[in-house]
Amino acid sequence: MAFASSARLSSRSRSRKVAALGAALAATVTLGGAAAGNAAADTAPQRASVTGSAEFGLPYWPDKDVRSFTFDAHAKPYSRPLAGLPTGLPTDAEGTVKVSHYVAALGKTMTAEGKVDCLVTGPGVASLTAVMTKVSADGPQDWVGKRLGFSVLDGGKEKAGHKSKDRVGFSWAAVNVLRDGDKGAKEPVSSDVGTCMSSAPYAPVTKGGYTVHHAELPPVPKG
């Protein structure tokens, strides 16, 4: 009887050990799968982006107008084929840009929207372009179908008692004016804007802010 009892205990002990080993193996498989998933996420290609909304002032033109840009731009490399370049460019992008300008002297607000087609970044900075698709009745109607350029400096978020260090720039007003070939013109003549082209971000943000997520430009696809 004593022997039978000992055998039963030994059998139970072995069963417990087998069950524990099975649980350990299952946990190892689960953890291994999670680690593999995390590794895949770490090696997944990063994509640049610019997001946020902010008002800004013109240092050379102080007034009571309220100007703001809203960006929701995301890199989508090699997604826009070109003539002779079927792969497209590493700076190809998608998203939207919204422009708002309240003209205090008129008591009216001009708005415009565009589709992003190019984005390039460095740490904390970005340059992007968008082809404008909508302009309000009070806005410049010749913007529709035109590419405009924007730049962003993500200089730090607003803190209590401190203003944002963000800045923006754009491809009209004080820049992109042709110095040659505009003699006799009644107003400044501007040049076309190529993809991702803008000025340095010179206008300081007064309210709100932007986030620039930098990513290196990916290599040309093989094949």
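Okay, let's start with Arg147: this one is partly exposed, with a relative accessible area of 26%. Keep in mind that we're looking at a predicted model here. What does Arg147 do with its side chain? It meets the side chain of Asp117 in a salt bridge, at 2.8 Å from N to O. And that pair links distant parts of the chain, since Arg147 sits in strand S6 and Asp117 in strand S4, 30 residues apart. Asp117, for its part, is buried, with a relative accessible area of 7%.

So, where do S4 and S6 belong? The model has a closed barrel of eight strands, running S1-S2-S3-S4-S5-S6-S7-S8, with antiparallel pairing. From one strand to the next, the twist averages 30°.

Let's walk through a few of those neighbours. S2 and S3 pair over 10 bridges, in the antiparallel sense, and there you can find Ser68 standing opposite Ser100 in S3. Strand S4, residues 108-122, and strand S5, residues 125-135, also pair over 10 bridges, again antiparallel. If you want a spot to look at, take Glu113, whose bridge partner in S5 is Lys134. The hairpin of S4 and S5 has two residues between the strands, and Gly124 takes a positive phi near 85° there. Next along, S5 pairs with strand S6, residues 147-153, over seven antiparallel bridges. Here Val125 stands opposite Leu153 in S6.

Now for my favourite residue, Asp92. You'll find Asp92 in the loop between strand S2 (66-75) and strand S3 (93-103). Which side chain of opposite charge is nearest to Asp92? That's Arg80, 5.0 Å away, and Asp92 has no salt bridge even though it is buried. The cut-off for a salt bridge is 4 Å, so the 5.0 Å to Arg80 doesn't make it. But look at the backbone of Arg80 instead: its nitrogen lies 2.9 Å from a polar atom of the Asp92 side chain. Leaving out residues up to four places away in sequence, Asp92 touches Ala75, Lys76, Pro77, Tyr78, Ser79, Arg80 and Asp117. Yes, that's the Asp117 that pairs with Arg147.

Tyr78, from that list, deserves a moment too. Tyr78 is in the loop between S2 and S3, and it's buried, at 17% relative accessible area. Most residues other than glycine have a negative phi. Tyr78, though, has a positive one, near 55°. Where else does that turn up? Cys196 has a positive phi near 65°, and its place is in the loop between strand S7 (167-170) and strand S8 (203-213). Cys196 is buried as well, with a relative accessible area of 9%.

Back to charges to finish. How many salt bridges does the structure hold? Five. Besides the one between Arg147 and Asp117, there's Arg67 with Asp63, at 2.8 Å from N to O. In that pair, Arg67 counts as buried at 11% relative accessibility, whereas Asp63 is partly exposed, at 33%. Then Lys146 forms a salt bridge with Asp142, with the closest N and O atoms 3.8 Å apart. Lys146 counts as partly exposed, at 35% relative accessibility. And salt bridges that share partners join Asp63, Asp65 and Arg67 into one network.

That's my tour, thanks!

Note on methods. Residues are numbered from 1 along each chain as its sequence is written. This is a predicted model: local features need pLDDT of at least 70, side-chain atom pairs count only at pLDDT 80 or more; totals for chains, interfaces and linings use all residues. Side-chain values use heavy atoms; hydrogens and water are left out. Helices (H or I, at least four residues) and strands (E, at least two) are DSSP runs, numbered from the N terminus. Buried means under 20% relative accessible area, exposed over 50%, partly exposed in between (1.4 Å probe, protein chains only). Lys and Arg count as positive and Asp and Glu as negative; His and the chain ends are not counted. A polar contact is a pair of N or O atoms within 3.5 Å; within protein, one must be able to donate a hydrogen and the other to accept it, and residues adjacent in sequence count only if both atoms are side-chain atoms. Contact means heavy atoms within 4.5 Å. Two strands pair if DSSP finds at least two bridges between them. Axes are lines fitted to C-alpha atoms, for helices over the stretch in contact, and angles run from 0 to 180 degrees between N-to-C directions.
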